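Colleague: I should like to go through this protein with you, beginning with its sheet. Please reason each reply through to a definite answer.

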Amino acid sequence: MTPEILLVDDNEEILAANRKYLTERGFLVTCANTGIKAITCINEKRFDCVVLDILLPDLDGFALCKAARTITDTPILFLSCLDEPDYKVKGLMSGADDYMTKPYSLKELAARILTLMRRTEHKGKPQADFYIDRDNRIVHLAEKNILLSQKEFDLFMLFFDNPDTVFSKQEILEKIWRSNAEIGVVAVWVLKLRRKLECAEDIVGRIESRYGIGYCLVPAKQPKQPKQHTAT
């Protein structure tokens, strides 16, 4: 079946270039240059992916993304000139699955669309799809995005990259805080991280205490490797 893509942008040159490139690669492309037109298209047809600009003439792209999420679970990719990290985080938290910035490579655009479509194909499987956005410190689950602070994320990746490895409080202090803190902060931050990751324990595992020794990540019984995602 030919994949159908919705491109939403008020720049006609960008729409034309994207449409031409994607059409030549076998996609069926629909274009919309306003948010209202985009919502109408999403209401009328099921798309395999939506590529969405933020700065539209009638609707804010973030609001449009949230509105679209009430209608469809189609993958949404933001394509915007807004490249500050806060915009990327806001885009992902508004319901988007990925975020690219302009200027961009048409080849990468097509690759990201295909990646999102492949991810969607597995949504019906028993184990939830997830990936780690290292740039924005977000753990993505099928139904939830977990935004971590810098220290929480560093601590999470230390455990996640070293499953079943026990780290003493002193080792954690040296690796995460470079010894520039009291050792008591380790237990506090591990507890905070545990609470945030409770909903993901059946996928990433659980951080457990080893009395008198330290902490380790005990992987889920059927761990799944995440897609390593980098927002550019």
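Colleague: Which residues of β1 point one way, and which the other way?

Modeller: This is a predicted model. All five residues of β1 are buried, so the strand is largely enclosed by the rest of the structure. Their side chains divide between two directions: Glu4, Leu6 and Val8 point one way, and the other way is taken by Ile5 and Leu7.

Colleague: In what order do the strands of the open sheet lie?

Modeller: Strands of a sheet can pair through backbone hydrogen bonds in a parallel or an antiparallel manner. Here the pairing is parallel, and the sheet has five strands. Its edge strands, each paired on one side only, are β2 (28-32) and β5 (98-101). From one strand to the next the twist averages 20 degrees. The order is β2-β1-β3-β4-β5.

Colleague: What is the bridge partner of Val8 in β2?

Modeller: Strand β1, residues 4-8, pairs with β2 in the parallel sense over five bridges. Val8 belongs to the set that points one way from β1 together with Glu4 and Leu6. Its bridge partner in β2 is Ala32.

Colleague: Which residue of β3 stands opposite Ile5?

Modeller: β1 also pairs with β3 in the parallel sense, over four bridges. Ile5 points the other way from Val8. Opposite Ile5 in β3 stands Cys49.

Colleague: Which helix makes a β-α-β unit with β1 and β2, and what is the handedness of that unit?

Modeller: β1 and β2 are parallel partners. The helix that joins them in the unit covers residues 12-24. That helix is α1, and the unit is right-handed.

Colleague: At about what angle does α3 run to β4?

Modeller: Two helices that lie across β1 may be taken together. Helix α2 (residues 35-44) lies across β1, β2 and β3, running at about 165 degrees to β1. Helix α3 (residues 61-69) lies across β1, β3 and β4 (76-80). The angle of α3 to β4 is about 170 degrees.

Colleague: How many disulfides does a search of the whole structure find?

Modeller: A disulfide requires two cysteine sulfur atoms within 2.5 Å. For Cys31, the nearest cysteine sulfur is that of Cys41, 9.2 Å away, so Cys31 is in no disulfide. Cys31 is partly exposed at a relative accessible area of 27%, and Cys199 is partly exposed at 38%. The number of disulfides found in the whole structure is zero.

Colleague: With which side chain does the side chain of Thr72 make a polar contact?

Modeller: Thr72 lies in the loop between α3 and β4. Its relative accessibility is 13%, so it counts as buried. Beyond its neighbours within four places in sequence, Thr72 is in contact with Ile42 and Arg46. The polar contact, at 3.2 Å, is with the side chain of Arg46.

Colleague: Is Val190 buried or exposed?

Modeller: Val190 is found in helix α8, residues 184-196. Apart from residues up to four places away in sequence, Val190 touches Leu155, Ile207 and Tyr215. The cut-off for a buried residue is under 20% relative accessible area. At 1% relative accessibility, Val190 is therefore buried.

Colleague: What distance separates the C-alpha atoms of Val190 and Glu152?

Modeller: Val190 is a residue of α8. Along the chain, Val190 and Glu152 are 38 residues apart. Their C-alpha atoms are separated by 8.0 Å.

Methods:
Residues are numbered from 1 along each chain as its sequence is written. This is a predicted model: local features need pLDDT of at least 70, side-chain atom pairs count only at pLDDT 80 or more; totals for chains, interfaces and linings use all residues. Side-chain values use heavy atoms; hydrogens and water are left out. Buried means under 20% relative accessible area, exposed over 50%, partly exposed in between (1.4 Å probe, protein chains only). Two strands pair if DSSP finds at least two bridges between them. Axes are lines fitted to C-alpha atoms, for helices over the stretch in contact, and angles run from 0 to 180 degrees between N-to-C directions. Contact means heavy atoms within 4.5 Å. A crossover is right-handed if, with the strands pointing away from the viewer, the path from the first strand over the helix to the second runs clockwise. A polar contact is a pair of N or O atoms within 3.5 Å; within protein, one must be able to donate a hydrogen and the other to accept it, and residues adjacent in sequence count only if both atoms are side-chain atoms.
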